[in-house]
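I opened a new notebook page for this model. My entries follow the order in which I looked things up.

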Amino acid sequence: MYIYNAGPMFSDADITQRLKEGKMIREVLDRNNVEYFLANPIELPFDNSRYIPTSEIFKEDYSHVDKADIFFFDLATGDSGTYVEFGNAIEKYMQGKDIKIYPVFTDLRLNRNNVDGIECPVGFNSYLVGALTYNKITIYRHFEEAFEAFKKDHDLK
């Protein structure tokens, strides 16, 4: 099992969330004695005290995306890097690769007043959402919801 956990990691809140997600994934897989590799970019061994060429960052992240067969994506923030990673993964999916994608759109406005469609007070790119709906990939509103689906899909306790 090769897992890639994608999402922004620039603010304190982003960093805290990505670390929390990594911990949750590791704990359940360790408890179930599953052999895995977790590529959680916030935890990958880049030395942030020095300049890192963007090509080096791309090469490292792309190699993990290429190897991964399970993906978690935080897609609500508009983070362009996460969108590129998602594009790489959806292409693998559309080529018939045996992968699982758990997309998350966490935005409190989505639940406000039970309003959706054109009346929803927030919008997401139609091409992005269409890539999921066209491929009949379930969209989750919170990481915890996606994580529960992951556990169920892989018979994890």
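**Salt bridges**

I count a salt bridge when a side-chain nitrogen of Lys or Arg is within 4 Å of a carboxyl oxygen of Asp or Glu. By that rule I find seven salt bridges in the structure. The model is predicted, so local features need pLDDT of at least 70, side-chain atom pairs count only at pLDDT 80 or more, and totals for chains, interfaces and linings use all residues. Residues are numbered from 1 along each chain as its sequence is written, and side-chain values use heavy atoms, with hydrogens and water left out.

I looked up three of the bridges in detail. For burial I use relative accessible area: buried is under 20%, exposed is over 50%, and partly exposed is in between (1.4 Å probe, protein chains only). Helices (H or I, at least four residues) and strands (E, at least two) are DSSP runs, numbered from the N terminus.

Entry one is glutamate 21 with arginine 18. Their side chains meet in a salt bridge at 2.9 Å, N to O. Both residues lie in helix H1 (residues 12-31), three residues apart, about one turn of the helix. Are the two partners buried or exposed? Glutamate 21 is buried, at 4% relative accessible area. Arginine 18 is buried too, at 2%.

Entry two is glutamate 27 with lysine 23. The closest N and O atoms of this salt bridge are 3.9 Å apart. The two residues are four apart in helix H1, which means about one helical turn separates them. Glutamate 27 counts as partly exposed, with 41% relative accessibility. Lysine 23 is also partly exposed, at 48%.

Entry three is glutamate 148 with lysine 151. I read 3.1 Å between the closest N and O atoms of this salt bridge. The pair sits in helix H5 (residues 143-153), three residues apart, so about one helical turn lies between them. Glutamate 148 is partly exposed, with a relative accessible area of 44%. Lysine 151 counts as buried, at 14% relative accessibility. I also checked for networks: salt bridges that share partners join Arg18, Glu21 and Asp74 into one.

I stayed with lysine 151 for its contacts, meaning heavy atoms within 4.5 Å. Which residues does lysine 151 touch, leaving aside its neighbours within four places in sequence? I find Val28 and Leu156.

**Helix H2**

Next I checked the length of helix H2 (residues 54-67). I took the expected span of a helix as 1.5 Å times one less than its number of residues. With 14 residues, H2 should span 20 Å, and its end C-alpha atoms are 20 Å apart, so the two agree.

Which residues of H2 are buried? I list Asp61, His64 and Val65. They cover an arc of only 100° around the axis (taken from the directions from the helix axis to the C-beta atoms), so they lie on the same side of H2. Ser55, Lys59 and Lys67 are exposed on the other side of H2. The buried residues of H2 pack against strand S1 (2-6), strand S2 (37-39), strand S3 (70-74) and helix H3 (80-94).

**Largest pocket**

I searched for pockets on a 1 Å grid over the protein atoms alone. A pocket is an open set of points with protein on both sides within 12 Å along at least five of seven lines, for a 1.4 Å probe, and lining residues have an atom within 4 Å of a point. Grid points are joined across faces, edges and corners, and a volume is the space filled by probe spheres set on the points.

The largest pocket has a volume of about 520 Å³. It is lined by 23 residues, and Met9, Phe10, Pro41, Ile57 and Asp61 lie nearest its centre. S1, H2 and H3 are the elements that give two or more residues to this lining. H3 gives the most, with five residues. Asp61 thus appears twice in my notes: among the buried residues of H2 and among those nearest the pocket centre.

**Asparagine 33**

I placed asparagine 33 in the loop between H1 and S2. Asparagine 33 counts as exposed, at 71% relative accessibility. How far is its C-alpha atom from that of leucine 156? I get 9.7 Å, with the two positions 123 residues apart along the chain counted as their separation.

**Whole chain**

I closed with the overall tally. The chain has five helices and four strands. From the N terminus on, the elements run β-α-β-α-β-α-β-α-α. Of the 157 residues, 39% count as buried. Among contacts with a separation of 6 or more, residues 24 or more positions apart account for 71%.
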